[in-house]
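Please open the model in your viewer, colour it by secondary structure, and keep the sequence panel at hand. The stops below can be selected one after another.

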Amino acid sequence: MEVGNRTVLTEFISVGLSADPRWQLILFGIFLMLYLIAMSGNMTMVILICIDSRLHTPMYCFISNLSFLDFWYPSVYIPKILAICVSENKPISLAGCGAQLFFSCLAAYTECYLLAAMACDRLVAICKPLLYSSTMSSSLCTGLVAGSYIRGFLNSIAHIANTFRLSFCGKNIIDHYFCDVTPLVKMSCTDIQVYEKILRGLVGFTVLSNILAILISYFNILLSISRIRSASGRHKVFSTCASHLISVMFFYGSLLFMYSRPSSTYSVGRHKVASLFYTLFNPLLNPLIYSLRNKDVKAAFRKAVQSIRPQR
């Protein structure tokens, strides 16, 4: 297909993290190991929350869905990265690129909304503890989770439709290890001014509105904590929010670092490294964040291990 005198691309070649064959084998081993750890950690969290009745609470409902998204997100990218590391032929079709970008956007947008819902859950638990069970009912919890997925899906549809109405010409080399917006737009042979305005509006509204909801929730939480007289009491209450706060800082910190910088400061190397944080390291760390200091999860894990032992 041609636009003017230029051929429209229908297939791309992904460079990956390194073109050096020796580095590719090393990277294959590292990515495979980290991917398996991330997958096993997140699936363990989901399974423990499903099988242990003590974890059937709104907070753990949100955590299990967060773990599911952290299982999903690396699975969009890592299998392709592993294939690139061991294959000399590294093509990805336009449809495959669109599918990869859609599912990654769906996971990322859904996680934005889910983290905001988790902040609201912590707000009710700390500020209105006596009304928590009645306010944060199972139906409300299910609605918040379902709403996160639905809004994530709608945002992803808009994101993909906006991106792939562009035509791509010139060299079909994506100097990245996955189909990301930035390298794709660089290959566009159509005007991108309207595209950039729509994208900034979509991403900006989603990210800023959810950050605002989280900030308002934690402002009220801090006010409630400040009224507690004992230092041990304040520490105990605040510790229930620590895991969520760490997740929020890692997730939004990596996103803002990636996409809030001016295009004039864009660096391929830094972009690749920074992308690893939200594609692999965040999903790798979240199971540790929500389990290391969590007595309920540790107790559920011990119970699951003890129930397996007699069967051996």
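This tour goes from the whole chain to a sheet, then to a group of aromatic side chains, and ends at two individual residues.

**The whole chain**

Begin with everything displayed, bearing in mind that this is a predicted model. The protein has 10 helices and 5 strands, and of its 312 residues 46% are buried. If you consider the contacts between residues at least 6 apart in sequence, 79% of them join residues at least 24 apart.

**The sheet around β3**

Next, select strands β3, β4 and β5, which form an open sheet of 3 strands in the order β4-β3-β5, with mixed pairing. The edges are taken by β4 (residues 91–93) and β5 (residues 173–174), and because each of these has a single partner strand, one side of each is left without a neighbour in the sheet.

Now show the residues of β3, which covers residues 11–14 and pairs with β4 in the antiparallel sense over 3 bridges. Along this pairing you will find Glu11 opposite Ser93 in β4, and Phe12 opposite Ile92 in β4. Turning to β5, you will see that β3 and β5 run parallel and are joined by 2 bridges, with Ile13 standing opposite Ile173 of β5.

With the side chains of β3 displayed, ask which of them are buried and which are not. The side chains alternate along the strand: Phe12 and Ser14 point to one face and are buried, whereas Glu11 and Ile13 point to the other face and are not buried.

Before leaving the sheet, return to β4 and add helix α3 (residues 94–127), which packs on the sheet and touches both β3 and β4, its direction making about 80° with that of β4.

**Helix α2 and its kink**

Select helix α2, residues 58–86. This helix has 29 residues and reaches 43 Å from its first C-alpha to its last, close to the 42 Å expected at 1.5 Å a residue. Centre the view on Ser75, where α2 has a kink of about 35°, and note that the proline Pro79 follows shortly after.

**The aromatic cluster**

Keep α2 and α3 on screen and show the side chains of Phe68, Trp72, Phe102, Phe103 and Phe153, which form one aromatic cluster. The protein has 6 aromatic pairs when ring centres within 6.5 Å are counted.

Start with Trp72 and Phe103, whose ring centres are 6.4 Å apart and whose planes meet at 55°, so this pair is tilted. Since Trp72 lies in helix α2 and Phe103 in helix α3, the pair ties together parts that are 31 residues apart in sequence. Trp72 counts as buried because its relative accessibility is 19%, under the cut-off of 20%, while Phe103, at 38%, counts as partly exposed.

Then move to Phe102 and Phe153, where the ring centres are 6.0 Å apart and the planes stand at 90°, so the pair is edge-to-face. Here Phe102 belongs to helix α3 and Phe153 to helix α5 (residues 138–163), so the pair ties together parts 51 residues apart in sequence. Are these two rings buried or partly exposed? Phe102 counts as buried, at 14% relative accessibility, and Phe153 counts as partly exposed, at 40%.

**His159 in helix α5**

Staying in helix α5, select His159. This histidine is buried, with a relative accessible area of 6%. Leaving aside residues up to four places away in sequence, His159 touches Cys105, Tyr109, Val181, Leu199, Leu202 and Val203, so you may wish to display these side chains together with that of His159.

**Tyr290 in helix α9**

For the last stop, select Tyr290, which is placed in helix α9 (residues 268–291) and counts as buried at 6% relative accessibility. Which residues does Tyr290 touch, not counting those up to four places away in sequence? The residues to display are Met45, Ile63, Leu66, Met118, Ser243, His244, Ser247 and Val297. Finally, draw a distance from the C-alpha of Tyr290 to that of Ile246: the two residues are 44 apart in sequence, and their C-alpha atoms are 9.7 Å apart in space.

Notes:
Residues are numbered from 1 along each chain as its sequence is written. This is a predicted model: local features need pLDDT of at least 70, side-chain atom pairs count only at pLDDT 80 or more; totals for chains, interfaces and linings use all residues. Side-chain values use heavy atoms; hydrogens and water are left out. Helices (H or I, at least four residues) and strands (E, at least two) are DSSP runs, numbered from the N terminus. Buried means under 20% relative accessible area, exposed over 50%, partly exposed in between (1.4 Å probe, protein chains only). Contact means heavy atoms within 4.5 Å. Two strands pair if DSSP finds at least two bridges between them. Axes are lines fitted to C-alpha atoms, for helices over the stretch in contact, and angles run from 0 to 180 degrees between N-to-C directions. Rings of Phe, Tyr and Trp (its six-membered ring) pair if their centres lie within 6.5 Å; planes under 30 degrees apart count as stacked, over 60 as edge-to-face and the rest as tilted. The expected span of a helix is 1.5 Å times one less than its number of residues. The bend at a residue is the angle between axes fitted to the seven residues ending there and the seven starting there.
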